[in-house]
Amino acid sequence: MSSSPVVHVAAAIILDAKGRALMVRKHGTRTFMQPGGKPEPGERAVDTIRRELAEELELDLAEEDVEYLGAFESAAANEPGHRVRADAFRVRVIDPAVTCAAEIAELRWIGPADLDTVPIAPLSTEFLLPMAWNPA
């Protein structure tokens, strides 16, 4: 186990009708990752993901629109020397209309062929995207 500081987040796996995963890039960064963010004090992970997706993507979700997949940990993409521990959720929406808002600079829908050309966070490449594209 690493002694690096751990950043806790909630992260969303959102697929479109073509099976592409929604990835976001925050202002001042170059790495794409799953949408989501850090919890507020005392906030449940499911409430964090719903709040963050509303703030970042203007996506309004009911609690039943999200399914908890588990907790995963990897190297943090934008915080050197840190690790990120994510409570991951599958978000069920049909062809979501999403908009960049809050700290989101760019969003992209990516497929497996994009992994060689788009800079993607380790948590996404190691855990979240494989789950998105190869569900158990």
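Student: Which residue forms a salt bridge with Arg20?
Tutor: Good place to start, and keep in mind that this is a predicted model. Side chains of opposite charge can pair when their charged atoms come close. Here the closest N and O atoms are 2.5 Å apart, within the 4 Å that a salt bridge allows. The partner of Arg20 is Asp16.

Student: Is Asp16 buried or exposed?
Tutor: Let's use the cut-off: buried means under 20% relative accessible area. Arg20, at 28% relative accessibility, counts as partly exposed. Asp16 has a relative accessible area of 11%, so Asp16 is buried.

Student: How many salt bridges does the structure hold?
Tutor: Arg20 with Asp16 is one salt bridge, and Arg51 with Glu43 is another, with the closest N and O atoms 2.8 Å apart. Counting through the whole structure, the number of salt bridges is 15.

Student: Which parts of the chain does the salt bridge between Arg90 and Glu67 tie together?
Tutor: In this pair the closest N and O atoms are 3.7 Å apart. Glu67, at 33% relative accessibility, counts as partly exposed. The two residues are 23 apart in sequence, and because each lies in a strand, the pair ties together β5, which holds Arg90, and β4, which holds Glu67.

Student: Which residues are joined into one network by salt bridges that share partners?
Tutor: We have already met two members, since Arg51 forms a salt bridge with Glu43. Arg51 itself counts as buried, at 17% relative accessibility. The full network is Glu40, Glu43, Arg51, Glu52 and Glu55.

Student: In what order do the four strands of the open sheet stand?
Tutor: Start from the edges: β3 and β4 each have a single partner strand, so one side of each is left without a neighbour in the sheet. Nine bridges join β4 to β5, and these strands run antiparallel. The pairing in the sheet is mixed, and the order is β3-β1-β5-β4.

Student: Which residue is the bridge partner of Ala75 in β5?
Tutor: Look along the two antiparallel strands β4 and β5, which are joined by nine bridges. The bridge partner of Ala75 in β5 is Arg83.
Tutor: Now add the helices. Helix α1 (residues 45-57) packs on the sheet, touching β1, β3, β4 and β5, and its direction makes about 70° with that of β1.

Student: Which strands does α2 touch?
Tutor: Like α1, helix α2 packs on the sheet. The direction of α2 makes about 150° with that of β4. The strands touched by α2 are β1, β4 and β5.

Student: How many aromatic pairs are there?
Tutor: A pair of aromatic rings is described by the distance of the centres and the angle of the planes. Ring centres must lie within 6.5 Å to count as a pair. By this rule the number of aromatic pairs is two.

Student: Why is the pair of Tyr68 and Phe89 edge-to-face?
Tutor: The ring centres are 5.3 Å apart, and planes over 60 degrees apart count as edge-to-face. The planes of this pair stand at 65°, so the pair is edge-to-face. Tyr68 in β4 and Phe89 in β5 are 21 residues apart. Tyr68 counts as partly exposed at 46% relative accessibility, whereas Phe89 counts as buried at 4%.

Student: Which elements are linked by the pair of Phe72 and Phe127?
Tutor: This pair is tilted, with 5.5 Å centre to centre and 35° between the planes. Phe72 is buried, with a relative accessible area of 17%, and Phe127 is partly exposed at 28%. The residues are 55 apart, and the linked elements are strand β4 and helix α2.

Student: Why is strand β2 largely enclosed by the rest of the structure?
Tutor: Six bridges join β2 to β6, and the two strands run antiparallel. One of the paired positions is Leu22, whose bridge partner in β6 is Trp109. Strand β2 is largely enclosed because, of its six residues, the number buried is five.

Student: What pattern does the protein chain follow along the sequence?
Tutor: The secondary structure comes to two helices and six strands. Read along the sequence, the pattern is β-β-β-α-β-β-β-α.

Note on methods: Residues are numbered from 1 along each chain as its sequence is written. This is a predicted model: local features need pLDDT of at least 70, side-chain atom pairs count only at pLDDT 80 or more; totals for chains, interfaces and linings use all residues. Side-chain values use heavy atoms; hydrogens and water are left out. Rings of Phe, Tyr and Trp (its six-membered ring) pair if their centres lie within 6.5 Å; planes under 30 degrees apart count as stacked, over 60 as edge-to-face and the rest as tilted. Buried means under 20% relative accessible area, exposed over 50%, partly exposed in between (1.4 Å probe, protein chains only). A salt bridge is a side-chain nitrogen of Lys or Arg within 4 Å of a carboxyl oxygen of Asp or Glu. Two strands pair if DSSP finds at least two bridges between them. Contact means heavy atoms within 4.5 Å. Axes are lines fitted to C-alpha atoms, for helices over the stretch in contact, and angles run from 0 to 180 degrees between N-to-C directions.
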